[in-house]
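Me: Please examine the model shown here with regard to enclosed space and cysteine pairing.

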Amino acid sequence: MFDDNDRLMMQNALSLAWQGRFSTSPNPRVGCVIAHGSQIVGQGFHVRAGEPHAEVHALRQAGAAAKDATAYVTLEPCSHYGRTPPCAEALVHSGISRVVAAMTDPNPLVAGKGLAMLHAAGIQIESGLLEQEARILNRGFLSRIERRRPFIRLKCAASLDGKTALADGSSQWITGQAARHDVQILRAESCAVLTGIGTVLADNPRLNVRAFPTLRQPARVILDSKLQTPPESHVVTDGSSPTIIATLVDDENRHRSYLAHSHVRIIRPSANRHGQIDLHDLLGKLAELGFGEVMVEAGAILTSAFIAEDLADEIILYQAPKILGNPGRGLLTLPENPSALTQSAPWHTAAVETVGNDVKWTLQRM
């Protein structure tokens, strides 16, 4: 059904889509290539929500040359009016004769309707080319739509002997500058960065991207069941990105000091049997808010909770060639009897690479 040229064109479209990884949220990352055989006449990618989609950029570049061409799109063209008109309709009007989609869009607003619109207009449609690569590209978007929860990446940093800090809590800096810059890239790719109140109280972090300019800062999600976030903390006073405080406290008077900042929002997930924030309910609420890919940068207790609840999809561990010794704080805090954990989804090594003087180990669920 697909030949080598089709695969090459779709690979080009996937590469284009990847260029939008820092800015498309909550929309999916989409690339489009318009070609006559091996001759590309138009190409584009979706840059930011509310702006033209990939197909529109490619069609504008192709102009009249789009007639009787093939459009390669990494995700089924949309068929509904949102903040922009439907791309399927634009493709019909362009005179395109064939559309190849890497995958159908699971969004109920689309879900086959885009391809059906193209087929009804007499355009040849095909789907499934490099679908696995397209799914990886949009794993956050797909997780939000299909599982109704974000894709969760745990970011950890530890010494050679598995310690994250000295006994007194001192942790700056375990890893080197190159690894810290790499974390900034991971933040920029994420819809949100999530941490616990312990990290806020200990480090007063900003949790934003500062190493390079980006069109969209990730939101910050603070798990603070007792609402202890200091009103003067960076996550409250720094309006460079949205801050969501998840708490169990139902007290409008206490909420006011936070909500006085327009970028701060308070949500109230349900409590689990231990009287703590229920992570499953929290992730459902974050998905409803449009968050597809969330990076957890937290201490051992919260990081371990995501693993224990089988909610982690990827772990990225930066390991520094340092030894902090037995008094140091451990990377994880897990049950003494880990039988339940051994029955959870196994991990496999997806990549191991050197970042500066540190090692970056990427683990993913099988």
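The questions and answers below concern the cavity and the cysteines of this predicted model.

Me: What is the volume of the largest cavity?
Reply: Rolling a probe the size of a water molecule over the atoms reveals where empty space remains. In this structure, one cavity reaches 30 Å³ or more. The volume of the largest cavity is about 140 Å³.

Me: Which helix gives the most residues to the lining of the largest cavity?
Reply: The lining comprises 20 residues, and those closest to the cavity centre are Ser25, Asn27, Arg29, Phe141 and Cys191. Both domain 1 (4-138) and domain 2 (148-365) supply at least three lining residues each. With four residues, the greatest contribution comes from helix α6 (residues 139-147).

Me: How do the lining residues of the largest cavity divide into nonpolar, polar and charged?
Reply: The lining holds 20 residues, with Arg29 and Phe141 among those closest to the centre. The division is six nonpolar, seven polar and seven charged.

Me: Why is Cys32 in no disulfide with Cys87?
Reply: A disulfide is a covalent bond between the sulfur atoms of two cysteines. Cys32 is buried, with a relative accessible area of 0%. Its closest cysteine sulfur belongs to Cys87, and the pair is too far apart for a bond because the separation is 8.5 Å.

Me: How many disulfides does the structure hold?
Reply: Cys87 counts as buried, at 1% relative accessibility. The cysteine sulfur nearest to that of Cys87 is in Cys78, 3.8 Å away, and Cys87 is in no disulfide, the cut-off being 2.5 Å. For the structure, the number of disulfides is zero.

Key
Residues are numbered from 1 along each chain as its sequence is written. This is a predicted model: local features need pLDDT of at least 70, side-chain atom pairs count only at pLDDT 80 or more; totals for chains, interfaces and linings use all residues. Side-chain values use heavy atoms; hydrogens and water are left out. On a 1 Å grid over the protein atoms alone, a cavity is a set of points where a 1.4 Å probe fits but cannot get out, and a pocket is an open set with protein on both sides within 12 Å along at least five of seven lines; lining residues have an atom within 4 Å of a point. Grid points are joined across faces, edges and corners, and a volume is the space filled by probe spheres set on the points. Helices (H or I, at least four residues) and strands (E, at least two) are DSSP runs, numbered from the N terminus. Ala, Val, Leu, Ile, Met, Phe, Trp, Tyr, Cys and Pro count as nonpolar, Asp, Glu, Lys and Arg as charged, and the others, Gly among them, as polar. Domain bounds come from an automatic or database domain assignment. Buried means under 20% relative accessible area, exposed over 50%, partly exposed in between (1.4 Å probe, protein chains only).
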